[in-house]
Amino acid sequence: MISTDMNGSITIWNQACQKLYGYEKTEAIGQHVSLIYPPEQHEFLLEQVIKPLQEKGEHEIEVITRHKSGEKFSSHLMLSLLKDKRGEVVGMIGSLTDLSICKALEQELAQRQALFDAFLKEAPAGLCILDSQLRYVQINQFLAEINCLNPEEHIGKTVREILPNIAPIVEPLYEQILRTKQPLINIEMSGDNPRKPGFVRHLTGSYFPLLDKEGEALGIGAVIIDISDRKQAEAALQKSEQLYRTMASNFPNGAVMLFDREMRFTLVEGRELAAVGLSKELMEGKTIWEVFEPDFCAALEPNYRAALAGETVVTEFIYRERVYLGYTLPVRNERQEIIGGLLMTQNITARHLAEEALRESEEKYRCIVETADEGIWIVDTEGKTTFVNQKMTDMLGCTPEEMIGKSLFAFMDAEGMALAQVSLERRREGIREQHDFKFLRRDGSDLWAILSTNPLSDKQGRYVGALAMVADITARKQTEAALQQSEAKFRSLYELTSLPVLMLYDNDISDANTATLKLFGCTTAQQLYGKNPGQLSPPFQPNGRDSLSFINEMMDLAFERGNHRFDWVHQRLDGTDFPAEVVLTIIEVGNEKIIQAVIQDLTDRKLAEETLVRSEQALRQQAQRELLLNQIANQIRTSLDLDTIVETAVQEIRNLMHLDWCIFTWYRPNTNPPLWDVTYEAKNADLPSILGTYPVDYKSSLAVRQILRREILRIDDVSTFEDVELRELFQASKFQSVLSLPIHTASGEIGVITCYQTPIHATLERIGSRTDASGGGSNCDRDRPRRTLHPNPHSGPISSSSNSTARTNFTRAPTHPNSINSK
C-alpha cells in the first residue's frame, strides 16, 4: 500500500511495499513515487494513470514497476484520490500487486499454445476437432489437403457436407464415440473424394472423445494418416486440444474462519464471503455440516480433524466454482492446548485456472506424444534436439535428458551424416518427405526407421527447425537381409549341386536347377515351369498305373508324412525313358507349403545291376556245364562199356537241364529197311515211352543228312524253323524246342542224343545255352586212343502228328574238329 501527497511524494510505505520493491520505509518516505517506476514509464504514468485518476477519482491499470535492484516486473495498480474533510484532494492512495507470476504463466501458456499450433499445423498427419453436432471446429492443412479443400472451407460444416461419400460410414462411429465416450483406434477406410474422382485414398484414423470437467462429451478429436503409399499400419495417436482459458482479473482476497473442537464456527470474517453467498451471520455458531453441502464437507472434514490433531494442512479446493488455497492449522491456548482450528483461504481462481489450463494442455499434448506408436523428434535450426518423446528415446536406447541439446548427427554414422545434411537443407527449403534412414543406437547397433519429416516455421514464416515422425523398421530390415542372404546361399547350393532338384507349387513345377535341365534335356527352365511331374513321364508306370494320377498320390503321401521316397520312370524331352529314384520333401515358405523333389537317375545303376545278374547267370550256367561234364567224364572213366556211358549221359543231361525228353538213338542204315533204334530215354513220368525201332522214311532224310555231316541241330522254336518238312514233323509231335547231338563211334556206328521240350515247359533257349557248352565242342581227354564219340548233326525219331505255335530261333553249327574219347 502506497500513499502520496499532491506533489507525488510518498507518505505511506507499508511492509508489503518494502518486500515487493526492496526499499526500506526510511528510504521511500519523502521520495517521489517515480522511485518505483523505470524512467521510460514516466510519460505513460502521466497520460494513462494520473489523468484518468483525476478525471474519475479512482483508476485501475497494469503498469511496469522497478525493484531497488533495477529488475522490472508487472504490477496491478489500484488508485484512489485522497480527500480531506472538506472534500479537497490532498493526495492519492494505491495498492500494487506483483503480476510477474501471472505474466510468466501467461507467457508460458502462449509459448505452449504456439507450440501446439505449430504442431497442429506442421504435423505430417491429419488432425481435426468436431463438435457434438459433427461440425468441424478445427482442422490442419494436412487433413484439409486430403479432403481437397482449405481449412477455412471446413469450419462450421458437417462431415456429411465435406465428405458425403464416407459420411454414412463414419457418422455411426462418431455417434458411438459421443455415446460411449470410448475411443476408436486405427480404423482403416478407403474411398475416393468427389472433388477428385478416381483417386482412391487409404486412410487409418483414430477417434477419441473430448470431455469436459464433468466427463460429458463436447466433441471428437481425430487423427488421420494417409497410408496410401506405405500400406502399413502406422498408429499415430494425435490429440488436439481446445484451449479456452479464462484468467481471473480480480484482486486476490479471501476469508478467515475460526472453529472449535466440534468444528463449529466461532468467528468468520472476510470480503470473499459475499462473493460465494456466505456471511458471518450465516456461519457463526454453526457446524460445517450445517453450512456446507455434504460432498464439500466430506472433502473438508479431514483437514479440520488434522488441524485439531496438531497438523498444519495446506490444500487447494473448489467452492462455488472458485478455487481457493486453504491453510488449516491448530489454535492453541496459553498452555499450548489445542482448542480449535483456523482456516485461512485465499482466492487463487485466476492462478489455478492458468495452471489447470497449462496442465490440461500439457497433459493432452503429452498424451498425444507419449502414446503414439511412433517416435517424435524435433530439432532446431542447427539440428540440435529440442524435444523427443519416450518412444523415440526407447528406440535409441537413451533417456530424454541424454538427447536434449544434442545434435541429431550424434546418432548416425558418417554416411548418415551426409544424407541428413542434405535432408536438413531440404527442410530449410520447406520440403517435407518420407524416406528410410539408418540411425545408431547408444549401444552401437543399427536402428532402421521410416522418417516422415516436416519443416517447422514461426508466425513470420521463418524456419525454426524440423519435426520427424519415426517408425522403427529394424526388424523388417533384418528380416529382409536374412532372407536375401538365405536366398543367396540356397540359390548357390541349389544351382551348384549335381543332383537334379525341382520345386513344386500346387503340384506344378515352379523352379528347377541346372542339373534338372540337363537331366531332362532342356535348354531353359521355362520348358519345365507349370508342368506336373507326371507330364515328364511315360503315360504309364511299370506297375500299370497312369503317371499323372500316380504321381499326385505320391505327392499327397509326401504332404501327409513330410517326405516320401519312391522309384519312378521319367521321360526326357526327346522321348527317352529313364529309371529314377525320387525323394519328395515338404518345405514351409512363409505360411505356404511347397514340395522339393530330388531326382536321381538310376540308369547306370540299373545297367550295372543287370550286368551283375547276367554275369551271375553266366557263372551259374558255366558251373552247371562244368558239373555236367565232370559227372559224365567221371562215369566214362569208371566204365569201359559204351552202353553204360550213353545211358549215363542221357540221364544226366535230362536231370541237369530239366528236359521233358532226352533219348539216345542208333541209326541202322544196313538193315532193310533202315531203322531208328531208340535204346535209352530219360523223360517226364507223364510222357509215353518211345523206346524201340522205327523205320527211316523219306521225312527223316534231312535228319540223316545232318547226322552224316556231323552237324548239331538246335531249334529254340520249331514254328520258325526254315525247313518246312522237318518243322511239320516236329510240330506234329508237339515239340517246341529240339536239340540234336550226333555221335560217331570209332567202329563206324552212328548215334544221336536228342533233347525235346514241349510247349508247357520252359523254352529251349536255356537248354541250348547250357547244351552248347556240353555238346558243342568241349575237349576232354583228347589224346586217349579208346573208343571215340564224335559229335555230328542229328534229328531224332519222329512220330504222331499235331500243330504247335511257339517262337523259334534256329542255329546250325558246323562239325567240331575235336572229339570226346571214352575210357
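Contact, as used in this tour, means heavy atoms within 4.5 Å. The model is predicted: local features need pLDDT of at least 70, side-chain atom pairs count only at pLDDT 80 or more, and totals for chains, interfaces and linings use all residues. Residues are numbered from 1 along each chain as its sequence is written, and side-chain values use heavy atoms, without hydrogens and water.

Helices (H or I, at least four residues) and strands (E, at least two) are DSSP runs, numbered from the N terminus; two strands pair if DSSP finds at least two bridges between them.

Select first the open sheet, whose five strands follow the order S17-S16-S20-S19-S18 with antiparallel pairing. Strands S17 (385-388) and S18 (433-440) stand at its edges with a single partner strand each, so one side of each lacks a neighbour in the sheet. Axes are lines fitted to C-alpha atoms, for helices over the stretch in contact, and angles run from 0 to 180 degrees between N-to-C directions. With direction ignored, neighbouring strands of the sheet are turned by 30 degrees against each other on average.

Next, display S18 with S19 (residues 446-457), an antiparallel pair joined over eight bridges. Glutamate 433 has threonine 453 in S19 as its bridge partner.

Add helix H15 (residues 414-428), which lies across S18, S19 and S20 (463-472) and runs at about 145 degrees to S18.

Finally, move to helix H7 (residues 167-180). Buried (under 20% relative accessible area, 1.4 Å probe, protein chains only) are Ala167, Val170, Glu171, Tyr174, Ile177 and Leu178 in H7. Just after H7, lysine 181 takes a positive phi of about 60 degrees.

Terms used: Buried < 20%, exposed > 50% of the residue type's maximum accessible area, 1.4 Å probe, protein only.
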